[in-house]
Amino acid sequence: MGAHKFWSTQPVPKLGEGPPLEDGYIEPPKTPDEVRQDSYPLPEDFEWSMVDISDPNQTKEVYDLLSAHYVEDDLASLRFQYTSEFLQWALKPPGYHKEWHVGVRVSSNKKLVAFISGVPITIQIRGKVFTASEINYICVHKKLRSRRLAPVLIKEVTRQVHLKGVFQAIYTAGIVIPTPIAVCQYFHRTLNVSKLLDIGFTYVPRNMTTAKMIRIHKVPDTPTLDVRPMEEKDVVPLADLFTRYMRRFDMVPVMSLEDVRYQFLSGQGTGKIGEEREGRRLGQNPQSHKITDFFSMYCLPSTILGSLKHKILDAGGAEEDGRLKARLQTLIGNALVIANQAKLDVLNALTLMDNVAILEDLKFGPGSACLNFYLYNWRTSKLAGVTDEGDVKAGRSVGVVML
Ligand SMILES: CC(C)(COP(=O)(O)OP(=O)(O)OC[C@H]1O[C@@H](n2cnc3c(N)ncnc32)[C@H](O)[C@@H]1OP(=O)(O)O)[C@@H](O)C(=O)NCCC(=O)NCCS
């Protein structure tokens, strides 16, 4: 695992450390004058820059950096391509702080070469509630890698978070560093078989043909449930349903009505289905009844590297709700129909919440990657992710979904 020269200096549990006697912080909150006032030094020729996400030009700069230098799969054949619109939505939830959008520029030409961000989140873990920063989108230009810039970015965003009186953070990473509180595995539900075969994302298993694979993965043309897109009038009942359902899990976000409106309603875009692009934006069903179940998904394209035929892979991320396996299965079966109508190529899911129970039946296959969940300055014992933990079944602890 290496010495972890940086992480060994931070308030995070050591690798291999046993479960804590009690949940709580590792170092106490700082008073305002204990927080460092000046920014951390950067290597010569670089300067800090607060990136203004309200400015489309600056969001485009973040987009340009991430789309060329952000997360790739192990084989470097796909790279996440978060759109500018998505970043603007993800980085500006209710109560966001512009100071938590931290960039590094080349002093001479002001080119953005590194980025890290935080957004506020209220987390409840095993009954304890605290405000934290959700850290995401750390990225260093490929030419500046392995120069210990990442620790400086992390320290600077931590300082900015401390300046707002927040002393905990949550983050996820593919790599293992001190110390995961949960490990979840990615699963993928193939929708566009031919395209995923073309780009090598999936393969035809032995004793199967492409035609059979297409048949197996076919989803119905229309939903079987009376599903419709969320509307403003659903905010209150949906928030209530969400809060009640999430009690099943040990680590969950606590959402105000404003948060629910923002996270589940505001990202829908505008206009009618198909206006911008085939299948995107849903038609609405005028006969609305009581909200009994809901699911949400988001679209995250990837750039396909080294393929002349396909340029973008469209993937969705899913969260689920429902009480029994059958109900969940029907619900997410309908989510597949909608994802397919929206021309997504694949629907991704993690082994969290109640997903494990339904992944196999809905023909999600295990991916090669895991996602590790981390907490900064908070101790709690391991949460059930890809495997059971004590009496808790796999997945059943984690209710936080990171974008
Ligand atoms: C992640 C990234 C910013 C790290 O930068 P780098 O130049 O490779 O690493 P540096 O030499 O600056 O720093 C290494 C230190 O940062 C830590 N680190 C690297 N990636 C990290 C991550 N995703 N989260 C937290 N810490 C990380 C390392 O563990 C190491 O600290 P240690 O010695 O205590 O273990 C860079 O590789 C990158 O932009 N990758 C593509 C985007 C990406 O993967 N982002 C992370 C998404 S979770």
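## Overall form

Helices (H or I, at least four residues) and strands (E, at least two) are DSSP runs, numbered from the N terminus. By this reckoning the chain contains nine helices and 12 strands. The structure described here is a predicted model.

The chain has 403 residues, and a compact globule of that length would have a radius of gyration near 22 Å; the value for the chain is 21 Å, and therefore agrees with that expectation. Taken along the principal axes, the box filled by the C-alpha atoms is roughly 60 × 50 × 45 Å.

## Surface and interior

Of the 403 residues in the chain, 49% are buried. The accessible surface of the chain amounts to about 20200 Å², and carbon and sulfur atoms account for 53% of this surface.

Among contacts in the chain with a separation of 6 or more, 75% are between residues 24 or more positions apart. A pair separated along the chain is provided by L331 and F295: they are 36 residues apart in sequence, and 7.6 Å lies between their C-alpha atoms. L331 belongs to helix α8, which spans residues 325-341. L331 counts as buried because its relative accessibility is 2%, and buried means under 20%.

## Surroundings of the ligand

The shell around the ligand comprises 22 residues, of which H4, F6, W7, V140 and S146 come nearest. By class, the residues of this shell are 14 nonpolar, four polar and four charged.

Polar backbone atoms of the protein lie beside both nitrogen and oxygen atoms of the ligand. A backbone N or O atom of I138 is 3.0 Å from a nitrogen atom of the ligand. A polar backbone atom of V140 lies 2.8 Å from an oxygen atom of the ligand, and for a polar backbone atom of S146 the distance to an oxygen atom of the ligand is 2.7 Å. On its own the ligand has 850 Å² of accessible area, and the protein covers 81% of it.

Three elements give two or more residues to the shell around the ligand: β5 (128-140), α3 (149-163) and β6 (169-173). Helix α3 makes the greatest contribution, with four residues.

## Local backbone features

P178 and T179 are joined by a cis peptide bond, with omega at about -15°. T179 is placed in the loop that runs between β6 and β7, the latter covering residues 182-190. Strand β6 is also one of the elements that give two or more residues to the shell around the ligand.

Two asparagines have a positive phi. In N207, which is not a glycine, phi is near 50°. N207 sits in the loop between α4 (193-198) and α5 (210-216). N377, likewise not a glycine, has a phi of about 60°. The segment after β12 (364-376) holds N377.

Are these two residues buried or exposed? N207 counts as exposed because its relative accessibility is 76%, and exposed means over 50%. N377, by contrast, has a relative accessible area of 2% and is therefore buried.

Definitions and conventions:
Residues numbered from 1 in each chain as written. Predicted model: local features only at pLDDT ≥ 70, side-chain atom pairs only at ≥ 80, totals over all residues. Heavy atoms only, no water. Near = heavy atom within 4 Å. Polar contact = N/O pair within 3.5 Å; in protein donor to acceptor, adjacent residues only side chain to side chain. Areas by Shrake-Rupley, 256 points an atom, 1.4 Å probe, with all protein chains shown as cover. Nonpolar A, V, L, I, M, F, W, Y, C, P; charged D, E, K, R; others polar. Buried < 20%, exposed > 50% of the residue type's maximum accessible area, 1.4 Å probe, protein only. Rg over C-alpha atoms; globule rule 2.2 N^0.38 Å. Contact = heavy atoms within 4.5 Å.
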